[in-house]
Amino acid sequence: MSKTFAQILAYILHPVLMPTLGVAGIMALSPYYISKPVFLLTIFYVFMGTYILPSILIFSLWKLRIISSVHLENAKERRYPYLLTALFFYLTAISVKDFQVPDTIAVYLFSGVLVIGISLVLLSFTKISAHMAGMGGLLALTFYLSYNYSIELLFIISAILLAAGLLGAARLRLKAHSPLEVYLGFFLGLCSTLLVLFGI
């Protein structure tokens, strides 16, 4: 895998894009009617709350020289961005509960708060891959939707697994993480999201 392709994958499959993708999937697969205006408004709201605002935050921290890079390579520099991003996820989840959309959307966003929170605690020991945590969470959501809506999503599950494998290889190619950090990230996202979605 070339370094350029690895960088492209890291941007396309960025962890803060996973909530928007997951929410779009929930509404697209839902057996309940969701009007187009509500669909678009929800996507826009989630995109703003989990991508745009956290991105602005990280950029601002970089401009203020609180962090040395927007890519957050340093584990210690991830603390404030993670904490504030978790807050944005929480506020977004609380807000969408008032929308006429499936409750799964808010629950999925709450699972993101848990994943970020655990990642924050683990920063004292290891810098797990947020990219892989996002992919693990998306896979967990797909499992849940397949079970909850009684629909066969094998193709989507296979596609996510393939994308996760490529992304993991990309993170290793870029030397952003160790193999252990890649695996830990994926299984943290997968297990935490499953626990929240199934209410275990």
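# Exercises on a predicted helical model

In this predicted model, S150 lies in the loop that runs between helix α6 and helix α7 (154–173). The exercises below start from that residue.

**Exercise 1. What is the sign of phi at S150, and is the residue buried or exposed?**

Step 1. Begin with the backbone: S150, which follows α6, has a positive phi, near 55 degrees.
Step 2. Compare this with the usual case, which is that most residues other than glycine have a negative phi. S150 has its positive phi although it is not a glycine.
Step 3. Turn to the surface: the relative accessible area of S150 is 66%, and because exposed means over 50%, S150 is exposed.

**Exercise 2. Work out what span is expected for α6, and state how many of its residues are buried.**

Step 1. The expected span is 1.5 Å times one less than the number of residues, so the 19 residues of α6 should span 27 Å.
Step 2. The end C-alpha atoms of α6 are 26 Å apart, which agrees with that expectation.
Step 3. As for cover, 15 of the 19 residues of α6 are buried, so this helix is mostly covered.
Step 4. A133 is a residue of α6 (residues 130–148), and because its relative accessibility of 6% is under 20%, A133 counts as buried.
Step 5. Leaving aside residues up to four places away in sequence, A133 touches V115, G185, F186 and G189.

**Exercise 3. Which elements do the buried residues of α5 pack against?**

Step 1. Helix α5 (residues 104–122) has 19 residues and reaches 27 Å from its first C-alpha to its last, close to the 27 Å expected.
Step 2. Its buried residues include I105, Y108, L109, V115 and I116.
Step 3. The buried residues of α5 pack against α2 (18–29), α3, α4, α6 and α8. One contact already met is the one between A133 and V115, where A133 belongs to α6 and V115 is among the buried residues of α5.

**Exercise 4. How many aromatic pairs does the structure hold, and why is the pair of F47 and Y51 stacked?**

Step 1. The structure holds 6 aromatic pairs.
Step 2. The ring centres of F47 and Y51 are 4.9 Å apart and their planes meet at 20 degrees; because planes under 30 degrees apart count as stacked, this pair is stacked.
Step 3. Both residues lie in helix α3 (residues 36–63), 4 residues apart, which is about one turn of the helix. In an α-helix there are 3.6 residues a turn, so residues three or four places apart point the same way.
Step 4. F47 is partly exposed, with a relative accessible area of 28%, and Y51 is partly exposed too, with 26%.
Step 5. Y144 and F198 give an edge-to-face pair, with 5.1 Å from centre to centre and 80 degrees between the planes.
Step 6. This pair links distant parts of the chain, since Y144 is in helix α6 and F198 is in the segment after α8 (179–197), 54 residues apart.
Step 7. Y144 counts as buried at 12% relative accessibility, whereas F198 is partly exposed at 36%. Together with Y147, Y144 and F198 form one aromatic cluster.

**Exercise 5. Which residues make the nonpolar surface patch of about 500 Å²?**

Step 1. The patch is made by L83, L84, L87, Y90, L91 and I94.
Step 2. Take L87, which lies in helix α4 (residues 79–96). L87 has a relative accessible area of 42%, and because this lies between 20% and 50%, L87 is partly exposed.

Notes. Residues numbered from 1 in each chain as written. Predicted model: local features only at pLDDT ≥ 70, side-chain atom pairs only at ≥ 80, totals over all residues. Heavy atoms only, no water. Patch = residues over 30% accessible without salt bridge, like charges linked within 9 Å, V, L, I, M, F, W, Y side chains within 5 Å. Areas by Shrake-Rupley, 256 points an atom, 1.4 Å probe, with all protein chains shown as cover. Salt bridge = Lys/Arg side-chain N within 4 Å of Asp/Glu carboxyl O. Helix = DSSP H or I, 4+ residues; strand = E, 2+ residues; numbered from the N terminus. Buried < 20%, exposed > 50% of the residue type's maximum accessible area, 1.4 Å probe, protein only. Contact = heavy atoms within 4.5 Å. Phe/Tyr/Trp six-rings, centres within 6.5 Å; stacked < 30°, edge-to-face > 60°.
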